[in-house]
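Me: I would like to go through this structure and ask what the terms rest on. Please show it first.

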Amino acid sequence: MMKTERQESWKIQVPFHLDYCLNCGQVFRWKKLGNHWFGFIEGHLYRIEYEESSQTIRALRISGDTGRTGADSEGESRRRIERYFGLYDSLSAIRESILTNLREKGYNWFVGKFDDIFSKSLGLRILRQDVWEVAVSFLLSSQTNIPALERKLDALCRLFPQNEVRYEGESYYRFPKRESLATLCEEDFKRLGFGYRSAWLCEMVRRFRESDFRSIRTETYDRQLSFLLSFPGVGYKVAHCILLFGYSVMRAFPVDIWISRWIKEVFHVEGAPDRLTSWGQNVFGEYSGYAQEYIFNVYRNLGSDGGEI
DNA sequence: GCCCAGGGGTAGT
DNA sequence: ACTACCCATGGG
């Protein structure tokens with residue numbers, strides 16, 4: 001492939017925290033070397049860094065998509081990256097929406113506490129990821145901690161050397177398309193250590209149709225949810241991860257073991273994921289997905305003990 | 001060995 | 001609707 005590297009850097013005017021965005025359990029295949037993050041956006045391998053003091057993003061586009069020719073026009077990487085990292089989301093408006101909803105629902109005692117959580121994770125943004133990769137990633141996330149999930153996805157990607165991009169002695173892999181995974185069988189997945197999730201993945205590969213996943217974007221929330229729940233291995237938690245991270249449905253509220261614990265500790269509310277999802281959407285409002293990610297990042301990643309939040 | 005992990009499916013109440 | 005139990009695997 002012809003090398004078509006291009007560097008762009010620019011100053012942004014909104015809060016942004018690159019590490020939080022890439023290290024909060026919404027995406028699993030970005031790698032950090034020094035201050036640089038390496039990963040794919042729309043099939044292009046990028047090296048990205050963010051300098052907090054000058055609010056500057058520096059992005060090196062290392063390789064173009066396969067089948068594409070020629071270099072991007074000036075500013076194409078910038079638009080692509082700003083979209084991918086959700087820089088068009090107004091965090092101040094999202095914060096106001098959540099705080100207002102908390103007051104309206106009678107949780108005044110929690111308003112200041114949520115504001116603390118929001119400040120601690122400020123700059124975390126919901127990414128605009130590829131739906132197929134999100135769907136496969138979270139299908140495999142069942143009963144799997146994040147490091148183990150990263151290893152699973154890495155092993156899966158390494159089965160397809162045609163997707164490899166080499167840069168400075170390291171190898172990076174584009175996520176395999178459905179057609180590529182369709183050449184594998186359940187036994188192949190089991191050999192990768194996917195266990196009982198292997199059959200689910202086979203079925204998702206078989207039933208996934210690009211057109212279905214595209215047309216569902218414009219459907220109502222209820223129809224989107226029932227469509228995703230129709231896949232074996234996709235329950236409420238995984239479906240809401242796909243809605244939030246793949247479809248940018250900001251009121252999606254995934255309830256995993258951590259969020260479940262946190263709700264119990266802070267609000268003394270318990271229940272199955274579907275019930276706690278409804279609870280979270282009611283308490284946090286139309287941006288409950290953002291609230292969930294900020295809570296997850298503070299509670300799970302930043303190590304604050306739940307009792308102090 | 002034991003416990004846990006960004007859960008889901010199923011059978012029994 | 002709620003609960004109990006099982007499901008494979010890897011890491012601490």
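Me: What comes after α2, and what is its phi?
Reply: G86 follows α2, and its phi is positive, near 65°. α2 is called a helix because helices are DSSP runs of H or I with at least four residues, numbered from the N terminus; α2 covers residues 76-84. This is a predicted model, where local features need pLDDT of at least 70, side-chain atom pairs count only at pLDDT 80 or more, and totals for chains, interfaces and linings use all residues. Residues are numbered from 1 along each chain as written, chains are lettered from A and ligands numbered from 1 in the order written, and side-chain values use heavy atoms, without hydrogens and water.

Me: Which residues of α2 are called buried?
Reply: E76, S77, R80, I81, E82 and Y84 are, so each has under 20% relative accessible area (1.4 Å probe, protein chains only). Their cover includes β1 (6-11), β3 (36-41), β4 (44-51) and β5 (56-63).

Me: What makes Q143 one of the residues around DNA strand C?
Reply: Q143 is listed there with R151, G193, G195, Y196, R197 and R275. A residue is near a strand if one of its heavy atoms lies within 4 Å of it, so Q143 has such an atom. Of the strand C atoms that come within 4 Å of the protein, 58% belong to sugar and phosphate.

Me: Why is the pair between R197 and DNA strand C a polar contact?
Reply: A side-chain N or O atom of R197 is 3.5 Å from a base nitrogen of the strand. A polar contact is a pair of N or O atoms within 3.5 Å, so this pair counts. For Y196, a backbone N or O atom lies 3.4 Å from a sugar or linking oxygen of DNA strand C.

Conventions. Buried means under 20% relative accessible area, exposed over 50%, partly exposed in between (1.4 Å probe, protein chains only). Helices (H or I, at least four residues) and strands (E, at least two) are DSSP runs, numbered from the N terminus. Contact means heavy atoms within 4.5 Å. A polar contact is a pair of N or O atoms within 3.5 Å; within protein, one must be able to donate a hydrogen and the other to accept it, and residues adjacent in sequence count only if both atoms are side-chain atoms.
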